[in-house]
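User: I am new to reading protein structures. Could you take me through a single part of this one, slowly and with the terms explained?

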Amino acid sequence: MAYYDRLDEHGLAVLDYVRARRHDFHRHPELSWCEFRTTAVLCRELAQMGFSVRWGRPLWGELRPHNLPPREQLDAAFAAARAELGEGDPYLAEMAGGFTGLVAELDCGGGPHQAFRFDIDALPVQESGGCDHSPCGAGFASVVDGRMHACGHDGHMAVGLGLARLLAEHKAALKGRFTLLFQPAEEVAGGGVHFARLPQLQGADRLYSVHVGIVDRPVLVCDATWIAGSVFEVVFRGRPAHAGNNPHYGRNALLAACQAVTALYGIARHGGGASRVNVGAMHADNPNNIICDEARLRFEVRGADNGIRDYMAQRARQVIEGAAAMQEVTVEITPLTRFENHPNHPALAAWIKEQALAFGLGAGDIQDSYQVPASEDATFMTRAVNEGGGQACHLLFGCPVVGGHHNSRFDIPDPLLAWGSSFYFHLARQALACWGSDQFKV
Ligand SMILES: [Zn+2]
């Protein structure tokens with residue numbers, strides 16, 4: 001029996017609620033920076049429980065979202081949310097333009113400041129209609145064509161709401177401040193960069209972040225780290241010319257782009273750790289009889305740490321500029337976004353393991369650490385808290401992952417989410433029990 005199938009009283013108490021919320025979010029996936037309905041629903045639920053909620057422009061203050069989708073896509077998503085929630089929705093107006101996400105706080109007076117981070121965006125994936133795909137069979141498949149919660153962020157939100165409910169119901173017995181950060185646009189390394197700077201996170205004593213799935217087996221990972229990455233857009237600009245009459249007058253941007261792509265995959269790998277490179281898009285659109293004067297690429301590099309990522313990015317820049325020089329075209333390389341690698345607080349990770357054993361997990365249900373060969377923008381928040389004198393840790397609620405992440409058949413078990421709410425509640429209370437002693441600052 002998987003660890004998450006053994007629910008305690010708190011897990012059982014929130015199971016139906018958590019399942020219903022996850023299914024609702026799963027039916028209504030929204031892409032990065034377009035999480036308008038999602039944010040409004042979260043605000044409503046958390047306000048009803050007695051949390052003080054901040055969202056939209058007042059939350060964002062001077063901060064501005066970056067790497068936004070095209071304006072038409074943002075406006076269409078906003079209009080769809082307003083059509084569903086109605087003109088009178090109290091939350092939507094402040095989010096126009098991509099100011100999504102929210103922070104909910106419960107202040108029980110005195111005590112430490114404990115923060116929990118959840119990401120909320122979905123992916124441009126067409127959900128499987130297969131009858132062996134449980135969201136179809138159980139009637140909660142995505143109602144939006146070409147969009148799906150295919151990474152489990154619907155589950156993360158459900159964990160957060162289940163935790164919120166347990167905290168609110170036990171408020172009289174609790175101390176300190178609880179801050180739940182529902183961060184937008186993780187898939188484009190967006191929200192984490194900005195939420196790391198929010199005043200609501202400053203001075204936090206502890207920050208917990210989590211991802212469900214990932215390891216594809218039922219284990220709790222107490223210390224999960226992520227690799228670093230950078231995403232770039234490249235534009236080559238040449239000179240058009242008649243392809244038959246005088247090709248020698250032209251400067252071929254498409255040829256430079258092609259040479260850059262093959263050279264990027266040929267970058268010598270760093271001996272210090274894993275690295276990755278991938279070109280996801282190449283675009284040029286000319287008639288066959290004209291030497292191409294503009295070509296675009298979008299690519300990413302990754303590295304086991306920030307230094308290896310920077311090595312890959314620097315070599316990529318040299319290779320691209322070399323390809324441009326060969327064809328005598330100009331090139332513009334624009335960084336779109338960046339993921340960091342940042343270590344968890346080691347003592348907090350060890351404390352979480354102790355607490356998991358006390359919560360009823362066996363040694364076989366726990367994996368001490370894992371470096372995920374993917375990236376996460378929660379690392380910006382981890383760094384902010386660790387460098388601010390607090391303790392931050394990223395966990396994995398591991399489980400078998402049907403179909404794999406970012407796949408049309410992706411699925412996770414609902415009991416895992418209720419287990420997660422209850423485990424987080426356990427961590428929150430155990431932290432209070434040792435607040436003020438050496439054990440708190442483990
Ligand atoms: Zn994810």
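Analyst: Let's look closely at helix 8 and its surroundings. This is a predicted model, where local features need pLDDT of at least 70, side-chain atom pairs count only at pLDDT 80 or more, and totals for chains, interfaces and linings use all residues. Residues are numbered from 1 along each chain as its sequence is written, and side-chain values use heavy atoms, leaving out hydrogens and water.

Helices (H or I, at least four residues) and strands (E, at least two) are DSSP runs, numbered from the N terminus. Helix 8 has twelve residues, 253-264. From first C-alpha to last, helix 8 reaches 16 Å, close to the 16 Å expected at 1.5 Å a residue; that expected span is 1.5 Å times one less than the number of residues.

At the start of helix 8, a side-chain oxygen of Asn 252 comes to within 3.0 Å of the backbone nitrogen of Leu 254. Such a polar contact is a pair of N or O atoms within 3.5 Å; within protein, one must be able to donate a hydrogen and the other to accept it, and residues adjacent in sequence count only if both atoms are side-chain atoms.

Now for the buried residues, meaning those under 20% relative accessible area (exposed is over 50%, partly exposed in between; 1.4 Å probe, protein chains only). In helix 8 these are Ala 253, Ala 256, Ala 257, Ala 260, Val 261 and Leu 264. They sit on the same side of helix 8 because they cover an arc of only 140 degrees around the axis, taken from the directions from the helix axis to the C-beta atoms. The buried residues of helix 8 pack against strand 7 (228-237), strand 8 (275-283), strand 9 (294-303) and helix 9 (306-327), where contact means heavy atoms within 4.5 Å.

Finally, the wider region: UniProt, in an unreviewed entry, places "domain: Peptidase M20 dimerisation" at residues 232-321. UniProt positions follow the numbering used here, feature names are shortened, and annotations may be inferred rather than shown by experiment. Over residues 232-321 the chain is 31% helix and 28% strand, with end C-alpha atoms 14 Å apart.
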